[in-house]
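Got the viewer open? Here is a short tour, one selection at a time.

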Amino acid sequence: MSDGPVRLTETRTRSGHEAQGLLQAAYGREFRARSLPRDREHHMRRFDADAFEYSEMALPAHFEFAKEPQGTLVVVSIESGQARRRMGRQEGNYAAGDVYVGHVPMQECSGTAADVLASAVTLPAGLLAQAAATVDARRVRPLRFTGLVPADPQHAAHWERMRAYAGSVCELGADAGPLLIGPAARLLAGAVLQVFPNTVVGQEPTLPDTRDATPSTTARATVYIDEHAHTDIGLSDIAAAAQVTPRALQSAFRQHLDTTPMTYLRRVRLGHAHAALKDADPLTGVTVTQIAAQWGFLHPSRFSAAYRAEYGCTPRTTLHS
């Protein structure tokens, strides 16, 4: 989903008016500062990964904002300060520790923010539609959010873990290739559907999905995965190649391979990482972390544990053997 590395824009300013410009560039909103502290710094880090955006901001001023309809969804996590958001008939007040949907695609919203330290994840509507299709490929019900805060604290904690993961991917910068960025974007979109109440998640599989969960489905899928593991593919891509819905594909893998399509994909990529480690020359400066990231493994410790379980030794041992 992304052809290049993550792009970082970082700005620090003591001008509230310059901060307004930063926010308008990031979120397309009309921002007006009501109070401008003279001696406090506005700081914003914005990562653009093409498939999603991740921002961290410290805004000591008191802002009012209005957002025109756009094709993105924004999830905000507040570390400190206060915010208020109005969208249609829904209105909410948020403070430290709160997570909420600040904007849904093609709806206007407005509100205020005061002395806020926060993070935000921005996802395009198309990515959400793809995530919804993995649950409801026949689009029985259109995606609509029926709640703009997590269903409970456990769901909020799940979103925060996904947000932290996205931040870790972005921090890799040039080393964050398509096999990290694409899956991270899909994880975020899937997490949104799991965390915030909506009209899609929770539906039962349809009868055609059950009928399509056959051995031939897994055969078509595994061939596609084996041939495309080096590219940014996800559940919907594999299902399309197997000519079934994502739910049918998942059911087929559970019934006939006792695994999931994405677990199978990770195993195939682990095999490619193993081959790359064997062929690499450590004298050139290549590292285990670089090879792991190239094949979609972000956390070195988790990669090492999976590698040891599969091959009986550490990745470093293979690299230096």
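Start by selecting V74. This is a predicted model, and in it V74 has a relative accessibility of 2%, so it counts as buried, the cut-off being under 20%. Colour the strand around it: V74 sits in β5, which covers residues 72-87.

Now show what is packed against V74. Leaving out residues up to four places away in sequence, V74 touches Y27, then Y100, V101, G102 and H103, and also A120, V121 and T122. For a distance to draw, try V74 to P105: the C-alpha atoms are 8.7 Å apart, with the two positions 31 residues apart in sequence numbering.

Next stop: Y100, one of the residues that V74 touches. Y100 belongs to strand β7, residues 99-103. Is Y100 buried or exposed? Its relative accessible area is 7%, under the 20% cut-off, so Y100 is buried too.

Bring up the contacts of Y100, again without neighbours within four places in sequence. V74, V75, V76, I78, A83 and R85 are on the list, and so are Y94, L148, V149 and F196. Of these, V74 takes you back to β5. Then draw a line from Y100 to T146: they are 46 residues apart in sequence, and their C-alpha atoms are 13 Å apart.

Move on to helix α2, residues 125-135. Select L127, L128, A131, A132, A133, T134 and V135, which are the buried residues here. A useful thing to keep in mind while turning the view: an α-helix has 3.6 residues a turn, so residues three or four places apart point the same way. What covers the buried residues of α2? The cover includes two strands, β5 and β8 (109-124), as well as the helices α4 (178-195), α7 (235-242) and α8 (246-256). So β5, the strand that holds V74, turns up again as part of the cover of α2.

Finally, zoom out to the whole protein. Cartoon view should give you 12 helices and eight strands. Along the principal axes, the C-alpha atoms fill a box of roughly 60 × 55 × 30 Å. The radius of gyration is 22 Å, which agrees with the value near 20 Å expected for a compact globule of 321 residues. Colour by burial and 46% of the residues come up as buried.

Two last things to look for. Among contacts between residues at least 6 apart in sequence, 75% join residues at least 24 apart. And if you colour the charges, the mean positions of the 33 positive and 33 negative ones are 4 Å apart.

Technical notes: Residues numbered from 1 in each chain as written. Predicted model: local features only at pLDDT ≥ 70, side-chain atom pairs only at ≥ 80, totals over all residues. Heavy atoms only, no water. Helix = DSSP H or I, 4+ residues; strand = E, 2+ residues; numbered from the N terminus. Rg over C-alpha atoms; globule rule 2.2 N^0.38 Å. Buried < 20%, exposed > 50% of the residue type's maximum accessible area, 1.4 Å probe, protein only. Contact = heavy atoms within 4.5 Å. Lys, Arg positive; Asp, Glu negative; His and termini not counted. Charge placed at Lys NZ, Arg CZ, Asp CG, Glu CD.
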